[in-house]
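Could you walk me through this structure in my viewer, one selection at a time? I am new to it and would like to know what to click on next.

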Amino acid sequence: MTSVASVHSLWTVAAGAPGKIPGPHIEYAQLSPTLIVLGAAVIGILIEAFVPRRSRYYSQLLLSVVSLAAAFAAVIGLAAGGFGSSKAHIAAMGAIAVDGPALFLQGTILLVSLIAVFTFAERRLDPAAHGNRVDSFAAQPAAVPGGAAEQAAVKAGFTTTEVFPIVLFAVGGMLVFPAANDLLTLFVALEVFSLPLYILCALARRQRLLSQESAVKYFLLGAFSSAFLLFGVALLYGYAGTVTYAGIAEVVSDGAKQIDPALAGTMGNDALLLIGAALVLMGLLFKVGAVPFHMWTPDVYQGAPTPVTGFMAAATKVAAFGALLRLLYVVLPGMRWDWRPVMWGVAIITMLGGAIVAITQTDIKRLLAYSSIAHAGFILAGVIATSEDGISSVLFYLGAYSFVTLGAFAVVTLVRDAGGEATALSKWAGLGRRSPLVAAVFAIFLLAFAGIPLTSGFAGKFAVFKAAAQSGAGWLVVVGVISSAIAAFFYIRVIVLMFFNEPKADGPTVAVPSLLTSTAIAIGVTATLVLGLAPQYFLDLAGQAGVFVR
């Protein structure tokens with residue numbers, strides 16, 4: 001009864017003196033990139049509700065491009081204002097970090113998303129349905145696949161313009177994820193960008209059932225990974241008495257100096273720390289697509305609409321690795337000797353597993369999925385370096401990899417037969433003779449994935465392997481080079497298939513894209529070659545952005 005009375009008295013005091021409750025202090029200017037994107041997403045929902053159907057496509061496309069460009073300009077403004085270096089600090093009452101790595105990763109995510117929106121808006125690849133241009137997405141996603149409602153929507157030429165605000169919500173979550181400075185913000189950001197991705201995976205116009213199956217698999221496995229992460233958050237709170245990164249790091253390194261009486265029985269318990277950290281890492285490694293948490297990747301990449309696959313493969317990796325870096329370098333540097341051996345093992349099996357299984361694939365999207373798993377292993381080699389060079393090499397690799405990935409999946413959308421995209425590898429035979437330009441562009445992306453010199457892939461791999469070797473992980477570099485050699489085999493095999501095999505009489509055709517997809521592919525090729533031929537400026541930029549605020 002006494003406790004109830006005391007709580008009641010607190011309520012009455014608070015009600016009697018409302019001026020005594022401090023309002024939250026939010027630095028809106030420093031959070032402007034995220035706020036611009038989420039604000040545009042809300043406006044996009046209103047467009048769906050109030051704008052006539054015939055005008056929605058252009059309204060949504062314009063809104064998405066302008067908002068992502070404005071958010072990117074805001075990131076550049078913050079970096080120019082010194083928030084990536086001298087003015088780096090913790091904003092939003094300790095929830096969000098504004099520092100070099102956060103701004104670099106947010107800029108990368110925004111650029112990647114802007115290019116991805118071009119591929120989402122493509123309406124030239126499929127033949128016109130009943131006189132109307134159609135896109136990659138289901139005419140009426142809520143309808144039963146193949147049912148009367150969907151057939152009527154196809155006949156009416158509907159396009160699913162709500163994908164644009166859904167993408168913007170996902171991007172908003174991704175912007176917060178690598179900048180989150182407490183575990184609850186991390187979890188909320190994870191859900192904000194994961195839920196839109198589950199929806200987008202189910203929206204393919206062709207192969208509707210395969211698309212929905214991939215979305216269900218992604219949702220169920222994603223729910224498990226979110227549960228692991230949240231349980232880990234609870235255990236780390238029990239260990240440290242706080243969910244802030246700085247607070248947990250202080251307890252890890254110095255022990256509990258001022259123990260909260262309510263938590264005195266658990267604080268400083270190493271079992272809670274080890275199990276909690278392991279569970280949070282599991283949740284993040286799932287998003288990264290590292291072995292053994294990778295099983296969703298090939299099925300989801302294959303079943304999702306290809307523009308969504310490209311967006312996911314590029315942007316999600318950037319956001320997830322950013323969050324993983326911040327957790328290991330800011331929260332758990334005092335546990336380095338505990339997590340480094342585990343991450344060694346994960347990196348090795350991820351590099352080898354992705355490269356070896358990719359050899360057996362007969363579908364181009366599944367092959368690129370296992371390729372992305374192998375690349376997650378290469379990036380983990382930079383994470384394990386535990387140095388400023390390690391951070392900057394990972395930042396550079398993420399930027400380089402994301403443009404190559406987007407470009408490669410944009411090319412996949414062009415190769416089509418009567419059933420839609422021709423993703424079976426056997427159908428790509430002789431593509432270089434049928435369409436030399438498209439095959440040459442795809443070959444550039446494959447050579448970049450393989451890490452061939454003069455491409456961005458070589459510069460990225462060299463940077464992460466050098467950082468790993470300098471930190472004493474020489475054997476990891478040896479495994480990485482062996483994995484790269486294995487991976488090079490299946491990339492070169494596709495190039496040989498395209499240029500040195502005879503085209504089949506009933507082979508696929510290469511659709512002529514609009515300016516939107518052409519721009520996306522051109523930017524991908526340009527970034528791949530520029531980052532390969534003259535990487536030093538961008539390596540320096542990543543180096544300047546390589547210090548976390550604590």
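## A tour of the hollows and one surface patch

The second largest cavity has a volume of about 50 Å³. Keep in mind as you look around that this is a predicted model. To see what encloses the space, select Glu122, Arg123, Arg124, Leu125, Asp126, Val134, Asp135, Ser136 and Arg416, which line the second largest cavity. Colour them by class and you will find six charged residues, two nonpolar and one polar.

Next, move to the largest cavity, which holds about 60 Å³ of space. Its lining includes His375, Tyr397, Tyr401, Phe449 and Lys461. Show H15, helix H17 (436-450) and H18 as ribbons, since each supplies at least two residues of this lining. Here the classes are six nonpolar, four polar and one charged. Across the whole structure, a search finds three cavities of 30 Å³ or more.

Now for the pockets. The largest pocket has a volume of about 700 Å³. Of its 26 lining residues, centre your view on Ile76, Phe104, Thr108, Phe538 and Leu541, the closest to the pocket's centre. Then bring up helix H3 (53-80), helix H4 (100-120), helix H15 (388-412), helix H20 (515-533) and helix H21 (536-544), the elements that give two or more residues to the lining of this pocket. Which of them gives the most to the lining of the largest pocket? It is H4, with six residues. Colouring the lining of the largest pocket by class shows 18 nonpolar residues, eight polar and no charged.

Stay with the pockets and go to the second largest, with a volume of about 340 Å³. It is lined by 17 residues, and Ser392, Ser393, Ala463, Lys466 and Leu539 lie nearest its centre. H15, helix H18 (456-470) and H21 each give two or more residues to this lining, and H18 gives the most, with seven. The lining of the second largest pocket divides into seven nonpolar, six polar and four charged residues.

For the last stop, come out to the surface and select Leu195, Val216, Phe219 and Leu220. These four form a nonpolar patch with about 350 Å² of accessible area together. Highlight helix H8 (residues 208-240), which gives the most to the patch, with three residues. Val216 is found in helix H8. Is Val216 buried, partly exposed or exposed? Val216 counts as partly exposed because its relative accessible area is 46%, between the cut-offs of 20% and 50%.

How values were computed
Residues numbered from 1 in each chain as written. Predicted model: local features only at pLDDT ≥ 70, side-chain atom pairs only at ≥ 80, totals over all residues. Heavy atoms only, no water. Patch = residues over 30% accessible without salt bridge, like charges linked within 9 Å, V, L, I, M, F, W, Y side chains within 5 Å. Areas by Shrake-Rupley, 256 points an atom, 1.4 Å probe, with all protein chains shown as cover. Salt bridge = Lys/Arg side-chain N within 4 Å of Asp/Glu carboxyl O. Helix = DSSP H or I, 4+ residues; strand = E, 2+ residues; numbered from the N terminus. Buried < 20%, exposed > 50% of the residue type's maximum accessible area, 1.4 Å probe, protein only. 1 Å grid on protein atoms, 1.4 Å probe; cavity = no way out; pocket = protein on both sides within 12 Å on 5 of 7 lines; lining within 4 Å. Points joined across faces, edges and corners; volume = space filled by probe spheres on them. Nonpolar A, V, L, I, M, F, W, Y, C, P; charged D, E, K, R; others polar.
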